[in-house]
Structure formats: structure tokens, C-alpha cells
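User: I would like a close look at one part of this model, namely its interior. Could you take me through it as you would for a colleague at the bench?

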Amino acid sequence: AVCSMGNSTSRLYSVLAKTLSSGAVSQHQDCLEQLDSAQLDPIDPKDLLEECQIVLQKRPPRVQRNFVNLKKNTASNHRPIRVMQWNILAQALGEGKDNFVQCPMEALKWEERKCLILEEILAYKPDILCLQEVDHYFDTFEPLLSRLGYQCTFFPKPWSPCLDVEHNNGPDGCAMFFLKERFELISSANIRLTAMKLKTNQVAIAQTLKCHETGRLFCIAVTHLKARTGWERFRSAQGCDLLQNLKNITQGAKIPLIVCGDFNAEPTEEVYREFSNSSLNLNSAYKLLSPDGQSEPPYTTWKIRPSGECRHTLDYIWYSQHALNVNSALGLLTEEQIGPNRLPSFNYPSDHLSLVCDFSFNQDPDRLL
């Protein structure tokens, strides 16, 4: 049954709450085209948050996380740019393939889990949102986030594992959203990553944006590299390909760059070193939370599968350290907050933690690398 959902968003939500079961992307688009224009009016984020909380009223409250101030003594007259990175867990994989042995199936119900995802996004109000494992783009994220003022882009995997799951909702992929009131799209590239000169199943989106407030250009990219142990060289090759694409797009680092992604790689892997040592002069933002500014967090994903407990650091926000400053970063959940059954759970919708950073432009745009 569909929950009664308040007033301002209820018509659209009543359509979205009946999650589409077809795997055909074209059918999702047809459904959107059938929505009348009145249903696509802008919505107030507070209204949508209230509606999500109605759906979630029987679940435990969302776990609280605090931002850590990292700002040095550099004055800025402009609002920071908030970037959110998150592997949200594809619904088909969560229910059909990932085998989270300590997570009740009831906690994975899409009708409620999507509200947990939206609640997390609405709580942090990102200017730019980078997501992986999105398999409900056309029936949930695009219609809702576009009404919140975001410009939306989706690039599915060519052979998504979601398609192997019965009653799937289409392929999963990477998605990027940015607030149109803050940025203008200058260029956009959908990149199918290669390894050993062969096209792979992994993708990236790279967009060059112009900040209305500062007039500055920057590039934002999102990716999701190959998973699994034993594929380290493959990920390394994919990372090299992505870096080469980004060098071309940023004109060799003349345009500042932010790269968000689930790299499926610990900091000990070669692909991490490639990004650290790239001529693009990238740094990993979440290292700045460590006492010495040199160590990644102890984990960004924590789950229990039949093979055992998995706690890894796989998710990153890379940035051009010559051109951008990290003002603050969202602290991670503690082990106590995550709980003994790990992730996902009734109060956290994914097996990966969201990463959120506030960036500002270096005040000297001509500063050399």
C-alpha cells in the first residue's frame, strides 16, 4: 500500500512510490513523459523531507554526524561548494545478490529505503551530488531531484549485474546532480573506461561547470571502478584511463578538478598511488580528517556477508590541491553508531558511507602547480 504523503508532493510521490518493476529504461522515460506539467512543479526540500519522515516513522532515527572544520586562515567572500559522494547500493543488488546476512530483508524494502537515501541527501543539501549504483534514476532520483533544482545526468553500466536479478529496475550506473542556481554546465562527457585497450563495464561522468558566484570554471567527475579482489591491475588500468581523460578535459590541470568515486581500492592499491602521484596534483580530501593529514579513514564501507565481515576504505573525494581548499568534511559514523550488524540497516540505507566536503576556490587563481 502507498502511504498518504501530505499535500504538496503527494501526486508525484504516489506515482513514484509504486516502484516500476520493468527493467526497460525507455519505459521509465515513457512514464515520466506521462506525468502532467503540474506534477513537475518545483518542490520545497522541507516538504519532501517531511514526507520521507512520515514513511520512516516506524524506523529508528537517522544517525547524526558532524562536520569537522578544516579551514585554514584563508578568507573567502563566497559560499563554499558542497560536494557529496555516495554509493547508495543498487536496489536489485541489495535484495538479490549482495547477501547481507545480518540485515533483515525488511530493512531493504525500496519504499522505505529510498526515503532513507533522500533523507540523507536532504539533510546535507549538497550543491553537487555524485552517486554510484543508481538503478532507480528514472523513476525516483531524476524526477524528484530535478524538482529540487538539480540538473541530472545518468550513465548506466553497459552490462549491469542488476540485469541478472529477477524483477530488476534496469541497469545501475553513475549519476551526477548539480544545482542550476549555482552552476552553468559548460561541457559534459560520458566516459566508458578502458583497460588494456579494451572497453570495460565501468563508467564515469565528467562535467565542466561555471560557478555563477565566482565566474570560475571547475570539473567534477564521478566514477565506480571494478570490484573484487584479484582485479587490482584492472582497476589500475581503469584509473590510468580516467586520469588521461581528465587531463584532456582540464587542459592539463588548468581547470580545477574534483573526482568522486567508489574506487573499490584500498589506499595500498596501485590505482590509489596513481591518483596521489598524478600530474593533476590531486589530494584525497578525507585524509585531512586524520591527525597528520596523511591517513585515510579506517573505513568507508562495513558489512557482513556469508564469507565474513568486510571493513574497507574504498570511497574517495579527490581534489586539485593547488586550486581548491577543503573547508570542512563530514565525520564518519563510529562503530557504535553503525552497530553490531553493520551496514545496511534499518537506520542506514547503504553498505557505503556518504562523504561530504565543502570546497572553496584558492584566492590566487594564477597560483602555479
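Analyst: Gladly; what follows starts with how far to trust the model and then goes through the interior piece by piece.

This is a predicted model, in which local features need a pLDDT of at least 70 and side-chain atom pairs count only at pLDDT 80 or more, while totals for chains, interfaces and linings use all residues. Residues are numbered from 1 along each chain as its sequence is written, and side-chain values rest on heavy atoms, with hydrogens and water left out. The average pLDDT (the predictor's confidence in each residue, from 0 to 100) is 89, and 87% of the residues score at least 70. Please be careful with residues 1–38, where the pLDDT is below 50. That stretch still has 72 contacts in the model beyond near neighbours in sequence, a contact being heavy atoms within 4.5 Å.

Let us go to the core itself. A nonpolar core here is a set of buried Ala, Val, Leu, Ile, Met, Phe, Trp, Tyr and Cys residues joined through side-chain atoms within 4.5 Å. Buried means under 20% relative accessible area, exposed means over 50%, and partly exposed lies in between, using a 1.4 Å probe and protein chains only. The largest such core holds 72 residues, and those with the most contacts inside it are Ile 128, Phe 141, Phe 177, Ile 220, Ile 258 and Phe 359. Helix H5, residues 110–124, gives the most to this core, with eight residues. (Helices, H or I with at least four residues, and strands, E with at least two, are DSSP runs numbered from the N terminus.) A separate second core of 23 residues includes Ala 206, Ala 253, Val 271 and Tyr 272.

Ile 220 is a good place to look around. Setting aside neighbours within four places in sequence, Ile 220 is in contact with residues including Val 83, Ile 128, Met 176, Ala 206 and Ile 258. Next door in sequence, Cys 219 belongs to strand S8, residues 217–224. Cys 219 is buried, at 0% relative accessibility. With the same kind of neighbours set aside, the contacts of Cys 219 include Ala 206, Leu 246, Ile 249, Pro 256 and Ile 258. Leu 209 is 10 residues from Cys 219 in sequence, and their C-alpha atoms are 6.1 Å apart.

Now for strand S15, which spans residues 355–361. Seven of its seven residues are buried, so S15 is largely enclosed by the rest of the structure. Leu 355, Cys 357, Phe 359 and Phe 361 point one way, while Val 356, Asp 358 and Ser 360 point the other way. In a regular strand, side chains alternate between the two faces of the sheet. S15 pairs with strand S2 (residues 81–87) in the antiparallel sense over five bridges; two strands count as paired if DSSP finds at least two bridges between them. In that pairing, Val 356 has Met 84 opposite. Strand S14 (residues 324–330) also pairs with S15, antiparallel and over five bridges, with Ala 329 standing opposite Cys 357.

Strand S4, residues 150–156, has five of its seven residues buried, so S4 is largely enclosed as well. S4 pairs with strand S5 (residues 173–179) in the antiparallel sense over seven bridges, and Cys 152 has Phe 177 as its bridge partner there.

Some polar residues are buried too. Lys 303, in strand S11 (residues 301–305), is buried at a relative accessible area of 7%. Its side chain makes a polar contact of 2.8 Å with the side chain of Asp 351 and one of 3.2 Å with the side chain of Thr 301. A polar contact is a pair of N or O atoms within 3.5 Å; within protein, one must be able to donate a hydrogen and the other to accept it, and residues adjacent in sequence count only if both atoms are side-chain atoms. Ser 345, in the loop between helix H9 (335–338) and S15, is buried at 14%. The Ser 345 side chain makes a polar contact of 2.9 Å with that of Asn 347. Ser 345 and Glu 106 are 239 residues apart along the chain, and 9.5 Å separates their C-alpha atoms.

Last comes helix H3, residues 45–55, where Leu 48, Glu 51, Cys 52 and Val 55 are buried. Down the axis of H3, its buried residues fall within an arc of 100 degrees, so they line one face of the helix; the arc is that of the directions from the helix axis to the C-beta atoms.
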